[in-house]
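Grab a coffee and have a look at the protein below. Some short exercises follow, each with its solution worked out.

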Amino acid sequence: MDYAGYKDKLIREFKSFEQNDAVFKGYLNNIKSGRNVWLNANRAVERAGEKVSMMLRSIADSCPYDILRELTAEEYRFLFNYSANIGAMAQEITNQAADIYMNVKFPKIDDSRIDGLLEILLNDYNSNILLSTSEVFNDGIGYNIAQDGINELINYNSRLQDQAGFGTYMRRRTDGSCCKWCDSMADGNWYGKGEEPADFWRFHQNCTCWIEYKVNKRIDIVSYKTRNGKMSRT
Ligand SMILES: [Zn+2]
């Protein structure tokens, strides 16, 4: 099979996943009905990340190296943007809940991050004396890129909303199945934009943490105007 053949196979498989995967569709329905939108957005994109990893594993043994390299880069870029789109659903609902009608902005993918991951991955693949294909194209990398899509979206939109004078708050959550380090990061506190602790945005491989975001309109309009000396709090 040539490049176009593999590409077509990947596109068809992902379409079928979107249409038929009940678990994935369940997460999306939860977002649409406003239930735990950030958790459900993260679970949805992790599911998509698993699928992309699985698809790459399924072609890795037969696919020529240069085609595999190109397709892997494309799939990860696709996954990042796809995840940002699912994050945007959560962001829109968060905005509406705060009565804020601001367009959701999409983050730009960090090409050097994708290139770096690709480098590690394909080095492992090339020296696969110790690693099997399934270990090279593991679900962990898919998770991380998928989580990046949402986290970059939160990072970008929270900065814009903060600059617009809204109150922006983030906290890191864990379902308790991650690790001790993550337990300490998920301390339950809400942090304002720019006040996040070091490592707040760091997700290790196979990390199942997620970032929750909320924005508040009223309180910050007061403090914004106060900061500009146009209105006093009294
Ligand atoms: Zn974690």
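Here are four exercises on this predicted model.

**Exercise 1. Get your bearings: how many helices and strands does the protein have, and in what order do they run?**

Solution. Start with the count: there are nine helices and three strands. Next, walk along the chain from the N terminus, and the elements read α-α-α-α-α-α-α-β-α-β-β-α. Now for the dimensions: the C-alpha trace spans about 70 × 35 × 30 Å along its principal axes. Of the 234 residues, 31% are buried. Finally, take the contacts with a separation of 6 or more: 75% of them join residues 24 or more positions apart.

**Exercise 2. Work out how helix α3 lies against helix α4: at what angle do their axes cross, and which residues make the contact?**

Solution. Two packed helices are described by the angle and the distance between their axes, so let's get those two numbers. Helix α3 covers residues 37-60 and helix α4 covers residues 65-97; their axes come within 9 Å and cross at roughly 165°. An angle over 145 degrees counts as roughly antiparallel, and therefore α3 is roughly antiparallel to α4. The crossing is right-handed. Now look at who is touching whom. On the α3 side, the contact includes V37, W38, A41, A44 and V45, while α4 brings in residues including L68, T72, E75, L79 and Y82. Sort the contact by class and you get 16 nonpolar, five polar and one charged residues.

**Exercise 3. Do the same for helix α1 and α4: how are the axes placed, and what sort of residues meet?**

Solution. Helix α1 spans residues 3-20, and its axis comes within 10 Å of the α4 axis, with a crossing of roughly 35°. The handedness here is right-handed. From α1, the residues to pick out are Y3, Y6, K7 and L10, and they meet I67, E70, L71 and E75 of α4. By class, that makes five nonpolar, no polar and three charged residues.

**Exercise 4. Find R113: which helix holds this residue, and is R113 buried, partly exposed or exposed?**

Solution. First, locate R113 in helix α5, residues 111-126. Next, count neighbours: R113 has 15 C-beta neighbours inside 10 Å. Buried needs 20 or more and exposed needs 12 or fewer, so R113 with its 15 counts as partly exposed. As a last step, check R113 against I59: the two are 54 residues apart in sequence, and their C-alpha atoms are 23 Å apart in space.

Note on methods
Residues numbered from 1 in each chain as written. Predicted model: local features only at pLDDT ≥ 70, side-chain atom pairs only at ≥ 80, totals over all residues. Axes fitted to C-alpha atoms, helices over the stretch in contact; angles between N-to-C directions. Helix = DSSP H or I, 4+ residues; strand = E, 2+ residues; numbered from the N terminus. Parallel < 35°, antiparallel > 145°, perpendicular 65-115°, else oblique. Left-handed = near helix turned anticlockwise from the far one by under 90°. Contact = placed C-beta atoms within 7 Å. Nonpolar A, V, L, I, M, F, W, Y, C, P; charged D, E, K, R; others polar.
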